[in-house]
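Let's take a friendly walk through a protein model together. Have a look at the picture, and we will then go from the whole chain down to single residues.

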Amino acid sequence: TVQTLVLLVLPDFLSEAAEELVIVLDMVQGGARINASAAQVAVVVAANDDSVAFDQPALTVTEGEDAVLSITRVGHALGAVTVEYRVVGGTADRNIDFTSAATGSVQLGANAMSTTIRIPIIDDTAAEGDETFTVEITAIAAGGNAVVGAPSTAIVTIASNDGASGVFGFADASTTVRTIPEGSSHTFVVARNLTDIFGTGIGLVPATLAWEVVSLGNTLRDPATE
């Protein structure tokens, strides 16, 4: 007759090498005996659970360059691993601000500890503030001895470079000297030119301007009293 013995290997999330154990038949009862040559069997629990994650949770790039996101494997690097990811637009739009498929994958070969995801950033002419999109590690392809670690999400910021805040100056810059009688006030108009460096005439980003009163040649003794 034949009976079965079921050994359940519990899953965990530890990066570990292969583990070995032995199942031994002993303490037989009922007058039977054990065949010494078939009294044990060795079991090897395969290595798994290397951790795969981004090197950093955030990256800032400028238009016209590539966003290069580094992925690192921590553990024993036994066997190849395919890392699946997705790219999610935020204030930055796919194929307008960056070029990328919605999903993709990169591979870590056997013994390889790192790889990269490279996403080209489009150098457009729109006056706009900083924009962001997100890259997420979604899974390890079937058969890969690894788990998704942290950080599994990286936020990419595309820094503003198109003059979205505009250019400040006095409205009548041709009149650089104003004569004001004592006891009177004068209103100075400060204008913001919303034309960006490419001449699109679009301004989207709020901006704050500071000012101060500076005496020329020490002729103004105290701005608070004069």
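To read the pattern of this chain, you need to know what counts as an element: helices and strands are DSSP runs, a strand having at least two residues, and they are numbered from the N terminus. With that in hand, the pattern along the sequence reads β-β-β-β-β-β-β-β-β-β-β-β-β. In other words, the chain has 13 strands and zero helices.

Before going further, keep in mind that you are looking at a predicted model. Its mean pLDDT is 83, and 79% of the residues reach 70 or more. Among the elements, strand β8 (residues 114-120) has the highest mean pLDDT, at 97, while strand β13 (residues 190-193) has the lowest, at 75. Where pLDDT is low, the predicted coordinates should not be read in detail.

Now for the chain as a whole. It has 226 residues, and 24% of them count as buried. The accessible surface comes to about 15,000 Å², with 55% of that belonging to carbon and sulfur atoms. Take the contacts between residues at least 6 apart in sequence: 66% of these join residues at least 24 apart.

How are the strands arranged? One open sheet is formed by four strands in the order β8-β5-β3-β10, and its pairing is mixed. At its edges are β8 and β10 (146-148), each of which pairs on one side only. Neighbouring strands in this sheet are turned against each other by 25° on average, direction ignored. Look at strand β5 (residues 66-74) next: β5 and β8 run antiparallel and are joined by seven bridges. You can find one place along this pairing by looking for Ile71, which stands opposite Thr115 in β8.

Another open sheet has five strands, in the order β4-β11-β9-β6-β7, again with mixed pairing. Why do β4 (58-62) and β7 (103-108) each have one side without a neighbour in the sheet? Both stand at the edges with a single partner strand, so nothing in the sheet lies along the other side. From one strand to the next, the twist averages 25°. The partner of β4 is strand β11 (residues 153-159), and the two pair in the parallel sense over five bridges. Here Leu59 stands opposite Val156 in β11.

Let's zoom in on some side chains. The count of aromatic pairs comes to two. Phe98 and Phe133 form a stacked pair, with 4.1 Å from centre to centre and 20° between the planes. Phe98 lies in the loop between β6 (81-89) and β7, whereas Phe133 belongs to strand β9 (residues 131-140), so their pairing ties together parts that are 35 residues apart in sequence. Both Phe98 and Phe133 are buried.

Our last stop is Thr134, also found in strand β9. Is Thr134 buried or exposed? Its relative accessible area is 19%, and buried means under 20%, so Thr134 counts as buried. Which residues is Thr134 in contact with, leaving aside its neighbours within four places in sequence? They are Arg86, Val87, Val88, Thr153, Ala154 and Ile155. Try finding each of them in the picture, starting from Thr134.

Note on methods. Residues are numbered from 1 along each chain as its sequence is written. This is a predicted model: local features need pLDDT of at least 70, side-chain atom pairs count only at pLDDT 80 or more; totals for chains, interfaces and linings use all residues. Side-chain values use heavy atoms; hydrogens and water are left out. Buried means under 20% relative accessible area, exposed over 50%, partly exposed in between (1.4 Å probe, protein chains only). Contact means heavy atoms within 4.5 Å. Accessible areas come from the Shrake-Rupley method with a 1.4 Å probe; for residues, only the protein chains shown count as cover. pLDDT is the predictor's confidence in each residue, from 0 to 100. Two strands pair if DSSP finds at least two bridges between them. Axes are lines fitted to C-alpha atoms, for helices over the stretch in contact, and angles run from 0 to 180 degrees between N-to-C directions. Rings of Phe, Tyr and Trp (its six-membered ring) pair if their centres lie within 6.5 Å; planes under 30 degrees apart count as stacked, over 60 as edge-to-face and the rest as tilted.
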